[in-house]
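The following paragraphs lead through a metal site and the aromatic contacts of one structure. Please keep the sequence and the coordinates in view while reading.

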Amino acid sequence: MLLSLTLGFIAAIADIVGGLVLVRRNWEKRYLRYFVALGAGFMLAVAFLEMIPESLHYSPRLSPVLVLAGYCAIHLLEHTITPHFHFGEETHHDEFISSRTGYSVLVGLAVHALFDGVAIGSGFALSTWLGCLIFFAIFLHKVPEGFTVASVMLASGQSRRAALVSATVLAGATVLGVLVINLLPHWVQVGLPLSAGVAIYVAATDLVPEVNREPGIRMALVFFAGVLMFLLLRLLAPAV
Ligand SMILES: [Zn+2]
Ligand SMILES: [Zn+2]
């Protein structure tokens, strides 16, 4: 429990670091894209090869429904209720005026961050190894995530302080997600497949489009490096 909470905190701090990277103009933002690409590949591999198969052990009939439900829930919160959202820096100021839009993005991302925490907690409920894999998958997109929410808040006319607070809200939601599974371990049966659906959404629908916007194949190759990194770690895995 201690390890899962500690790693949950580290992931949460990465959200805040992302917010700081945005607010501090002089910090280098270019490298965030590599985290996005690497994180997308690694997270997709973890979701398909670990989270879904483990969920199927609980219920082969209900789990796939929950995976789909997790996917749909994030689509609803991030892209349906919210008229304009994408990962990365918000640069479309003409499309982005109302502070309501900013808050709806914050709510959507907070629910997503809650499931980031649920995923980490669920992984540790099964094994330390799986917990560490899921933590790493989540961690890679956490800095870009905090960066994104801070950028959206600034673009919707909020102060830098509000931008940092919003990154901190995501951090809090992440820790809360880990706590929920730690306190109610039997919820892992629902939490794992739901958070697998969320992870697939975040990787394939939020992060991959950002990877694809980069010209050239370099970023695309980093995505495959993420998948490959997971496979290598899996080879090293203790037999679980
Ligand atoms: Zn935009
Ligand atoms: Zn996230």
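In this predicted model, His86 and Glu90 are both buried. These two residues also belong to the protein donors of the zinc ion (ligand 1), together with His84 and His92. His84 and His86 each contribute NE2, whereas His92 contributes ND1. Glu90 appears twice among the donors through OE atoms. The donor atoms lie 1.9 to 2.7 Å from the zinc ion. Along the chain, the donors follow the spacing H-x1-H-x3-E-x1-H.

Attention now turns to the aromatic side chains. The structure holds 6 aromatic pairs. One of them joins Phe42 and Phe230 in an edge-to-face arrangement, with 5.8 Å centre to centre and 85 degrees between the planes. This pair links distant parts of the chain, since Phe42 lies in helix α2 (residues 32–58) and Phe230 in helix α8 (residues 218–235), 188 residues apart. Phe42 and Phe230 are both buried.

Another edge-to-face pair is formed by Phe85 and Phe87, at 6.3 Å centre to centre and with 80 degrees between the planes. Are these two rings buried or exposed? Phe85 counts as buried because its relative accessibility is 8%, where buried means under 20%. Phe87 likewise counts as buried, because its relative accessibility is 1%.

Finally, Phe42 and Phe230 take part in an aromatic cluster: together with Phe136, they form one such cluster.

Note on methods
Residues numbered from 1 in each chain as written. Chains lettered and ligands numbered in written order. Predicted model: local features only at pLDDT ≥ 70, side-chain atom pairs only at ≥ 80, totals over all residues. Heavy atoms only, no water. Donors = N, O, S within 2.8 Å, 3.2 Å for Na, K, Ca; no water. Buried < 20%, exposed > 50% of the residue type's maximum accessible area, 1.4 Å probe, protein only. Phe/Tyr/Trp six-rings, centres within 6.5 Å; stacked < 30°, edge-to-face > 60°. Helix = DSSP H or I, 4+ residues; strand = E, 2+ residues; numbered from the N terminus.
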